[in-house]
Amino acid sequence: MRTIVLLLVFVFLVLSSVVVAYSNEFTITVDPGKEDCYYTPVAKNVYLEVDYQVIDGQQGELDIDFHLTSPTGRRIVMESRKSDSTHRTKTFEDGDHKICFDNTFSIFSAKTVFFEISTDNDDDEDDNGEIKIEKKTPDVWGDTDQAFYAGLRPEEIYDIHVQDIKDTVAIVRGKLTRAQEFQDQIRAFEARDRNIAEGNFTRVNVWSMIHVITLVTTGIIQVVMVRSLFDEKSTLRRLWKQGKM
């Protein structure tokens with residue numbers, strides 16, 4: 001019976017952790033001379049993370065302007081001409097935060113932008129983005145430390161077990177979320193590199209075709225000009241002689 005209760009608590013904590021934090025990813029195209037803005041509702045004292053990458057520039061530079069604005073209009077983040085960036089900030093206002101991608105500086109090239117928005121209320125990451133793991137209690141899944149639980153009531157021991165499950169769920173959820181974010185970033189980098197390679201391939205083919213056509217046209221003109229010098233009935237020869245006279 002106790003095992004079933006712990007399992008139900010574990011499932012409840014997993015579901016509640018999914019509700020508390022969310023992550024969404026989008027791929028958009030910002031037309032030249034335009035600015036696209038999106039709103040995401042974020043509660044107060046929650047960590048908002050925005051990661052974006054310009055994956056296609058249509059023969060132009062892979063850059064775009066970005067700014068993040070609070071519900072009251074305060075600029076939280078503002079960047080200019082960046083190809084990719086990541087921002088994690090703690091919100092101090094409750095409401096819709098505005099995320100904008102500005103391509104007004106471009107005249108001809110549209111920009112394709114991949115960006116991911118994620119929120120969580122955990123402050124369990126260090127400066128390198130790694131999850132901190134702190135073990136505060138003995139391993140309750142193995143042999144129990146009798147000295148640690150000595151003098152505790154069954155309710156208190158049960159609360160300790162529940163807290164251990166909650167900590168474990170938070171750690172697993174954080175690592176899974178971070179792994180998914182890394183995979184999304186790798187896919188975005190791959191898409192950007194593929195677009196760059198395809199753009200270079202198209203550019204090389206176009207200029208190669210122009211050079212080939214130019215060489216062929218120049219060769220034909222040279223052959224016609226040389227033959228006209230030895231052909232008495234050639235119109236070009238008559239024009240050549242009139243020019244000399």
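## Glutamine 185 and the cavity it lines

Glutamine 185 is a residue of helix H3, and in this predicted model its relative accessibility of 18% places glutamine 185 among the buried residues, because the limit for that class is under 20%. Along the chain, glutamine 185 and glutamate 116 are 69 residues apart, yet the model sets their C-alpha atoms at a separation of 9.0 Å.

Both residues belong to the lining of the largest cavity, which is made up of Glu49, Asp51, Glu116, Ser118, Glu181 and Gln185. Two or more of these lining residues come from each of strand E3 (47–56), strand E8 and helix H3 (154–230). Sorted by class, the lining holds four charged residues and two polar ones, with no nonpolar residue. The structure has one cavity of 30 Å³ or more, and the space inside the largest cavity is about 30 Å³.

## Overall architecture

The chain contains four helices and eight strands, and their order from the N terminus is α-β-β-β-β-β-β-β-β-α-α-α. Of its 245 residues, 33% count as buried.

For residues 206–230, an unreviewed UniProt entry lists the feature "transmembrane region". In the model this stretch is 100% helix and 0% strand, and the C-alpha atoms at its two ends lie 37 Å apart. Helix H3, given as residues 154–230, is also one of the elements that contribute two or more residues to the lining of the largest cavity.

## Aromatic pairs

The count of aromatic pairs in the model comes to six. One of them joins phenylalanine 101 and phenylalanine 115, whose ring centres are 5.0 Å apart and whose planes meet at 45°, an arrangement that counts as tilted. Phenylalanine 101 sits in strand E7 (residues 95–102) and phenylalanine 115 in strand E8 (residues 111–120), so this pair ties together parts that are 14 residues apart in sequence.

Each of the two rings belongs to a buried residue: phenylalanine 101 has a relative accessibility of 0%, and phenylalanine 115 has a relative accessible area of 1%. Beyond this pair, a cluster linked by ring pairs takes in Phe26, Tyr38, Tyr52 and Phe66 together with Phe101 and Phe115.

## Arginine 81 and asparagine 45

Arginine 81 lies in strand E5 (residues 75–82), where it is partly exposed at a relative accessible area of 46%. Arginine 81 is placed over the face of phenylalanine 105, at 3.9 Å from the ring centre. The backbone of arginine 81 also deserves a careful look, since its phi is near 55°, a positive value in a residue other than glycine.

Asparagine 45 likewise has a positive phi, of about 60°, although it is not a glycine. As background, most residues other than glycine have a negative phi. Asparagine 45 is found in the loop between strand E2 (35–42) and strand E3, and with a relative accessibility of 41% asparagine 45 counts as partly exposed.

Terms used: Residues are numbered from 1 along each chain as its sequence is written. This is a predicted model: local features need pLDDT of at least 70, side-chain atom pairs count only at pLDDT 80 or more; totals for chains, interfaces and linings use all residues. Side-chain values use heavy atoms; hydrogens and water are left out. Rings of Phe, Tyr and Trp (its six-membered ring) pair if their centres lie within 6.5 Å; planes under 30 degrees apart count as stacked, over 60 as edge-to-face and the rest as tilted. Buried means under 20% relative accessible area, exposed over 50%, partly exposed in between (1.4 Å probe, protein chains only). A charge sits over a ring if NZ of Lys or CZ of Arg is within 6 Å of the ring centre and within 35 degrees of the ring normal. UniProt positions are given in the numbering used here, feature names are shortened, and annotations may be inferred rather than shown by experiment. On a 1 Å grid over the protein atoms alone, a cavity is a set of points where a 1.4 Å probe fits but cannot get out, and a pocket is an open set with protein on both sides within 12 Å along at least five of seven lines; lining residues have an atom within 4 Å of a point. Grid points are joined across faces, edges and corners, and a volume is the space filled by probe spheres set on the points. Ala, Val, Leu, Ile, Met, Phe, Trp, Tyr, Cys and Pro count as nonpolar, Asp, Glu, Lys and Arg as charged, and the others, Gly among them, as polar.
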